[in-house]
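Colleague: Hi! Could you walk me through this one while I have it on screen? I'm still new to reading structures.

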Amino acid sequence: MSPNASTTPTTSLPLIDLANFTNSSRESRLKTAKQLVSACRTTGFVYIVNHGVPKHELDRAFAISSKFFALPQEEKMKAPHPPGWSIHRGYSWPGFEKVSNATSSTDDEAAVQKLREVQDVKESYEVGSELNPEMPNIWPPEEVLPEWRPFMSKFYWTCFETAKTVLRALALGIGLEEDTLVKLHSGHYNQLRLLNYPAIPAQVLEEGTCERMPAHTDWSTMTMLWQDDCGGLQVEDPNHVGRFIDVEPVEGALVMNIGDLMMRWSNDVLRSTMHRVTLPPLQDRIKGERRITRPRKSIVYFLATDPDRLIEVMSSCVDENRPAKYEPITQRDYASMRARMQY
Ligand SMILES: O=C(O)CCC(=O)C(=O)O
Ligand SMILES: [Fe+2]
């Protein structure tokens, strides 16, 4: 089946105005928090406006990202992502990473080869906290792009400020003390990911010979994403397995989604939804006789709890009709159990 075979052309994600949570009455805060949780229970994906990351910082993040990905390959290769699935830092070149939902427990050479027959045509750069002792950052030499390290290491923390507000709203909306979720996230275990999907003939995506990013769920507690105006991100329709809905770029909005760890934490009340990146939905983004799609950039921020903090199913998500489905687990144990067969 071609990756676009069952696409609906509508944009139908809920939109949350975070200003109604940050600068607002108690009543409005609670109402917004409940709206957010309601969206996360159904689609697991929402747009958030007035999210607090300043526009000038986002513009600069996209500009610096474009500058990095436009460098000659040998310059980008001066900060290579290490092999294997356990470290996520530095530059991954097109074809290096293969996203999938397969786990390392099914990891065998034949299965990896099969997945790799269809390459992911994307490149990325992963950045973490400078104080994460387990995954040190990998930076290009300063002369390659002097602004890269100072900007990205600061932008990482700008994103975390917004993430904390969203975590507070989620906690309040799901019936917990407001700081319950924030308390388990020191911020040092998050991941900032700059992505570039190069221009590519539409036909190879239509035929499924290559993919931009195949359908997957995120490993995080939650994810925030900014995309340029190309489009191509899609989420699975909550009412229709296998059908995907376009997440059209919305000016000024981030896209937030629930990850697998939060789904487990919430006793499956909040949904970690399948999503993928495929052809841009509008034909004006595909040009010329060879039907080349526009390149696409996105910036993703994955949130993770501190690795040794115990994740126990949220008390407000358990009752006699919904007993706790999961044993308490640390993020570390969960991550090794769910390690993805990506490389
Ligand atoms: O680039 C995008 O829009 C999606 C990225 C994504 O889903 C991921 O990195 O997990
Ligand atoms: Fe994702």
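Colleague: Is Asn267 buried, exposed or partly exposed?

Modeller: Asn267 counts as partly exposed, because it has 13 or more but under 20 C-beta neighbours in range: the count is 19 inside 10 Å. Keep in mind that this is a predicted model.

Colleague: Where does Asn267 lie?

Modeller: Asn267 is in the loop between α8 (260-265) and β15. Its phi is near 60°, a positive value in a residue other than glycine.

Colleague: And what about Asp268, where does that lie?

Modeller: Asp268 also belongs to the loop between α8 and β15. Its phi is positive too, near 70°, and again this is a residue other than glycine. Asp268 has 15 C-beta neighbours inside 10 Å, so it counts as partly exposed.

Colleague: Okay, new topic. Which residues surround ligand 1?

Modeller: The shell around ligand 1 is made of Arg193, Leu195, Met213, Asp218, Leu225, Gln227, Leu233, His275, Val277, Ser298 and Val300.

Colleague: Which elements give two or more residues to that shell?

Modeller: Those are β7 (191-197), β11 (222-227), β15 (275-277) and β18 (296-303).

Colleague: How do the shell residues divide into nonpolar, polar and charged?

Modeller: Six are nonpolar, three are polar and two are charged.

Colleague: Let's stay with β7 for a moment. Why is β7 largely enclosed by the rest of the structure?

Modeller: Five of its seven residues are buried, so the rest of the structure largely encloses β7.

Colleague: Which strands does β7 pair with?

Modeller: Strand β6 (residues 123-127) pairs with β7 in the antiparallel sense, over five bridges. β18 pairs with β7 as well, antiparallel over seven bridges.

Colleague: Can you give me some residues to click on?

Modeller: Sure. For the pairing with β6, find Glu123, whose bridge partner in β7 is Asn196. For the pairing with β18, look at Leu194, which stands opposite Ile299.

Colleague: Now β11. Is Thr223 in that strand buried or exposed?

Modeller: Thr223 lies in strand β11. Thr223 is buried, because 26 other C-beta atoms are within 10 Å and 20 is enough to count as buried.

Colleague: What is Thr223 in contact with, leaving aside its neighbours within four places in sequence?

Modeller: Its contacts are Asp218, Met256, Asn257, Gly259, Val300, Tyr301, Phe302 and Leu303. Asp218 and Val300 are also among the residues that surround ligand 1.

Colleague: How far is Thr223 from Phe155 in space?

Modeller: Their C-alpha atoms are separated by 15 Å, and the two residues are 68 residues apart along the chain.

Colleague: What about the open sheet of three strands, which order does it have?

Modeller: The order is β8-β17-β16, with antiparallel pairing. β8 (200-201) and β16 (286-287) are at the edges with a single partner strand each, so one side of each has no neighbour in the sheet.

Colleague: What joins β16 to β17?

Modeller: Two bridges join β16 to strand β17 (residues 292-293), and the strands run antiparallel. Lys287 is found in β16, and it stands opposite Ile292 in β17.

Colleague: Is Lys287 exposed, buried or partly exposed?

Modeller: Lys287 counts as partly exposed, because it has 13 C-beta neighbours inside 10 Å. Lys287 and Leu145 are 31 Å apart, C-alpha to C-alpha, and 142 residues apart in sequence.

Colleague: Last area: the nonpolar core. How many residues has the largest one?

Modeller: It has 72 residues, and those with the most contacts inside it are Leu36, Val46 and Leu170. Helix α6 gives the largest share of this core, 13 residues. In soluble globular proteins, nonpolar side chains tend to be buried together.

Colleague: What is Leu36 in contact with, apart from its neighbours within four places in sequence?

Modeller: Leu36 is in contact with Ile16, Val46, Ala169, Leu170 and Gly173.

Colleague: What span should helix α6 have?

Modeller: At 1.5 Å a residue, the 26 residues of α6 (residues 148-173) should span 38 Å; the end C-alpha atoms are 37 Å apart, which agrees. After α6 comes Gly175, whose phi is positive, near 95°.

Colleague: And the whole chain, how many helices and strands?

Modeller: The protein chain has nine helices and 20 strands. Of its 343 residues, 39% count as buried.

Notes: Residues are numbered from 1 along each chain as its sequence is written. Chains are lettered from A and ligands numbered from 1 in the order in which they are written. This is a predicted model: local features need pLDDT of at least 70, side-chain atom pairs count only at pLDDT 80 or more; totals for chains, interfaces and linings use all residues. A residue is near a molecule or strand if its C-beta atom, placed from the backbone, lies within 6 Å of it. Helices (H or I, at least four residues) and strands (E, at least two) are DSSP runs, numbered from the N terminus. Ala, Val, Leu, Ile, Met, Phe, Trp, Tyr, Cys and Pro count as nonpolar, Asp, Glu, Lys and Arg as charged, and the others, Gly among them, as polar. A residue is buried if 20 or more other C-beta atoms lie within 10 Å of its own, exposed if 12 or fewer, and partly exposed in between; C-beta atoms are placed from the backbone. Two strands pair if DSSP finds at least two bridges between them. The expected span of a helix is 1.5 Å times one less than its number of residues. A nonpolar core is a set of buried Ala, Val, Leu, Ile, Met, Phe, Trp, Tyr and Cys residues joined through C-beta atoms within 7 Å. Two residues are in contact if their C-beta atoms, placed from the backbone, lie within 7 Å.
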